[in-house]
Amino acid sequence: MFFCPLYSGSSGNALFCQYGNTRLLIDAGKSGKTIEDALASIGADIRSISGVLITHEHSDHISGAGVLARKYNLPLYATRETWWAMRGKLGKIPQECMREIEAGKDFWLGDIGVVPFSIPHDAADPVGFRLYGGNLSVSTATDLGYFSEDVYANVAGSTLVLLESNHDPDMLRANPRYNAALKARILGDHGHLSNEACSSALLRLINAGTGNVILGHLSGENNTPTLARKVSSDALAREGIRPGEDIRMEVALRDEVGSVYILKERT
Ligand SMILES: [Zn+2]
Ligand SMILES: [Zn+2]
């Protein structure tokens, strides 16, 4: 199984996954051209993509989706409420590209088994995804106000987890460009996961067997990759887990195509 965070962050999201003969994207929140170029840089032609799984209707997750659907007849998979909320944001989508999914209902997209699961966020019907290929699985959960037991149950045991490490609460509170309502939204139960909340969730996931973790969806204003990495590394180190030795941990950058993970099946 191959996985690559092409882009992850509040300025645009697109994640790549391949298993067998199937390649897919989770979200298309950069321009169509940017996503095409990012795919080309890891050796994947946009024409080889089977579909785009949409997490929710916020523009940092869908801004390139309409263009890609029209240009390449690329199917988009979203829940009914998300389709409803995306009206007017994507332009006209060919009918055959509008695929409806439901949280909790698994399905096959080619060789990849897909499980959408609900996440707590201020969107119509936001979801994370767990993708299965053979005895491997990759889970992604970004844009969540807190790490609920339900999310844990859906993600635990994954080979790789990309989890949101959005902000440092002190940087956010001190940010003069954010008004009080926006700060409350981000800090709330339907906002975004802080570095600290991410680190304690990762600790649980690693103890449940996950060996690859990616910190994603970093805020450009209220976080830095160095800080996000430090908070999680320190939390894991306190429990005797050494990133780089016991597990692989990376930070997905906002404007730089990430590493390609090659996950090997256990025999
Ligand atoms: Zn987002
Ligand atoms: Zn969002």
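Student: Which residue bridges the zinc ion (ligand 2) and the zinc ion (ligand 1)?

Tutor: That is D143, and the two ions lie 3.5 Å apart. Keep in mind that this is a predicted model.

Student: What are the protein donors of the zinc ion (ligand 2)?

Tutor: They are H56 (NE2), H58 (ND1), H121 (NE2) and D143 (OD), at 2.2 to 2.5 Å from the ion. Along the chain, these donors follow the spacing H-x1-H-x62-H-x21-D. H56 and H121 link distant parts of the chain, 65 residues apart: H56 sits in the loop between β4 and α2, and H121 in the loop between β8 and β9. Both of these histidines are buried.

Student: And which residues coordinate the zinc ion (ligand 1)?

Tutor: Here the donors are D60 (OD), H61 (NE2), D143 (OD) and H217 (NE2), at 2.1 to 2.2 Å. Their spacing reads D-H-x81-D-x73-H. H61 lies in helix α2 and H217 in the loop between β12 and α9, so this pair ties together parts that are 156 residues apart in sequence.

Student: Is H61 buried or exposed?

Tutor: H61 counts as buried because its relative accessibility is 0%. H217 counts as buried too, at 1%.

Student: Why is the arrangement around the zinc ion (ligand 2) irregular?

Tutor: Start with the general idea: the ideal angle for four tetrahedral donors at a metal is 109.5 degrees. To count as tetrahedral, all angles must lie between 85 and 135 degrees. Around the zinc ion (ligand 2) the four donor atoms subtend angles of 92 to 171 degrees, so the arrangement is irregular. The site of the zinc ion (ligand 1) is also irregular, with angles of 93 to 165 degrees.

Terms used:
Residues are numbered from 1 along each chain as its sequence is written. Chains are lettered from A and ligands numbered from 1 in the order in which they are written. This is a predicted model: local features need pLDDT of at least 70, side-chain atom pairs count only at pLDDT 80 or more; totals for chains, interfaces and linings use all residues. Side-chain values use heavy atoms; hydrogens and water are left out. Donors are N, O and S atoms within 2.8 Å of the metal (3.2 Å for Na, K and Ca); water is not among the atoms, so sites may look incomplete. Four donors count as tetrahedral if all angles lie between 85 and 135 degrees; four count as square planar and six as octahedral if opposite donors are over 155 degrees apart and all others between 65 and 115; anything else is irregular. Helices (H or I, at least four residues) and strands (E, at least two) are DSSP runs, numbered from the N terminus. Buried means under 20% relative accessible area, exposed over 50%, partly exposed in between (1.4 Å probe, protein chains only).
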